[in-house]
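Please open the structure in your viewer and keep the selection tool at hand. The tour below moves from one selection to the next and says what can be found at each stop.

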Amino acid sequence: MKIFRLMQSLTMPLKFPQFFLAWLIIFALTLGGCTENIVSYDRSPNSTASSETSKTISESIPGMKDLPRLEGKATVVMTVNGAPITIELDGINAPITAGNFVDLVQKGVYDGLVFHRVVRDPQPFVAQGGDPQGKDPKFPATRLGTGGYIDPKTGTERRIPLEIKPKGANEPIYSKTITDKPELQHKQGAIAMARSQAPDSASSQFYFALADLSFLDGNYAVFGNVTDGFDVVNNIKQGDRIESAKVTQGAENLKSPQ
């Protein structure tokens with residue numbers, strides 16, 4: 001179900017056969033979920049959404065009114081192995097994806113969770129964590145990557161739609177991959193959501209890009225980047241835990257559903 005299967009890294013300079021690249025992409029990120037209607041909404045790339053726009057978003061996109069959103073930017077400091085990682089989250093270009101992450105950080109969901117998948121061979125690839133089941137030290141390591149955030153209000157897993165904004169566009173596109181270059185790309189240090197082949201299946205699992213991974217652009221939702229502490233990210237080992245994650249700036253930009 002929720003197992004992130006981005007196999008070995010295929011960054012731009014690699015000299016692998018084209019069929020191998022295609023195979024990796026097809027079997028990339030598996031997390032489980034279902035596809036909803038394909039929808040999008042207008043957003044200025046240079047300003048936050050107004051309350052009127054926010055209301056329109058909530059009313060026009062099925063299930064969107066029940067999701068938190070980030071109207072602007074926010075900073076999260078994540079501590080791993082005693083060292084800080086500073087992450088800037090982009091709610092201008094990925095309001096729902098960034099809002100979901102900030103909300104989960106504020107709820108303490110990521111505190112104590114394990115990085116269950118770290119791939120560096122044959123090339124630097126990803127460090128992935130965010131499975132809430134990892135908070136239990138007795139939970140089998142082989143099953144990590146199968147869980148998402150269970151909303152205590154509903155008793156069900158919160159899932160968010162795939163959200164990608166094409167470069168130069170005024171609005172993100174929801175619930176489908178794109179072939180155009182996205183505004184937020186898989187550059188080294190990017191943070192993005194893990195998901196299954198079903199577009200709207202992301203929940204709480206995320207990954208850091210350990211290298212430029214342009215072949216993932218348009219397929220998975222990038223929602224921010226590491227601005228300080230990439231050396232800490234680069235030294236994460238499988239089994240390392242997130243000691244804490246705190247919103248240090250921009251908390252006021254998070255808009256929760258009523």
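What follows is a walk through a predicted model, taking in its sheet, some backbone details and its enclosed and open spaces.

**The sheet.** Begin by selecting the eight strands that make up an open sheet, which run in the order 6-7-13-12-14-5-4-15 with antiparallel pairing. At its edges lie strand 6, residues 115–119, and strand 15, residues 242–249, each of which pairs on one side only. If you look along the sheet, the twist from one strand to the next averages 25°.

**Strands 4 and 5.** Next, narrow the selection to residues 73–80 and 83–90, which are strand 4 and strand 5, an antiparallel pair held over eight bridges. Within this pair, pick M78, whose bridge partner in strand 5 is I85. Then move to the loop between strand 4 and strand 5, where N81 is placed; the phi of N81 is positive, about 55°, although N81 is not a glycine. With a relative accessibility of 46%, N81 counts as partly exposed.

**Two further backbone stops.** Select S175 in the loop between strand 11 (173–174) and strand 12 (190–193), and note that its phi, near 65°, is again positive in a residue other than glycine. Is S175 buried or exposed? S175 is buried, since its relative accessible area is 4%, and the cut-off for buried is under 20%. From there, go to the loop between strand 6 and strand 7 (126–129), which holds P122; the peptide bond joining D121 and P122 is cis, with omega about 5°. For context, most residues other than glycine have a negative phi, and most peptide bonds are trans.

**The cavities.** Two cavities of 30 Å³ or more are counted. For the largest, with about 70 Å³ of space, select the lining residues, among them N93, K165, E183, G218 and Y220; this lining divides into six nonpolar, two polar and three charged residues. The second largest cavity holds about 40 Å³, and its lining includes T97, I160, M193, R195 and P199. By class, that second lining has seven nonpolar, one polar and two charged residues. E163 and A221 line the largest cavity and also line the second largest.

**The largest pocket.** Finish at the largest pocket, which has a volume of about 390 Å³. Select K65, D66, S256, P257 and Q258, which lie nearest its centre among the 17 residues that line it. The lining of the largest pocket comprises four nonpolar, four polar and nine charged residues.

Conventions:
Residues numbered from 1 in each chain as written. Predicted model: local features only at pLDDT ≥ 70, side-chain atom pairs only at ≥ 80, totals over all residues. Heavy atoms only, no water. Pairing = 2+ DSSP bridges. Helix = DSSP H or I, 4+ residues; strand = E, 2+ residues; numbered from the N terminus. Axes fitted to C-alpha atoms, helices over the stretch in contact; angles between N-to-C directions. 1 Å grid on protein atoms, 1.4 Å probe; cavity = no way out; pocket = protein on both sides within 12 Å on 5 of 7 lines; lining within 4 Å. Points joined across faces, edges and corners; volume = space filled by probe spheres on them. Nonpolar A, V, L, I, M, F, W, Y, C, P; charged D, E, K, R; others polar. Buried < 20%, exposed > 50% of the residue type's maximum accessible area, 1.4 Å probe, protein only.
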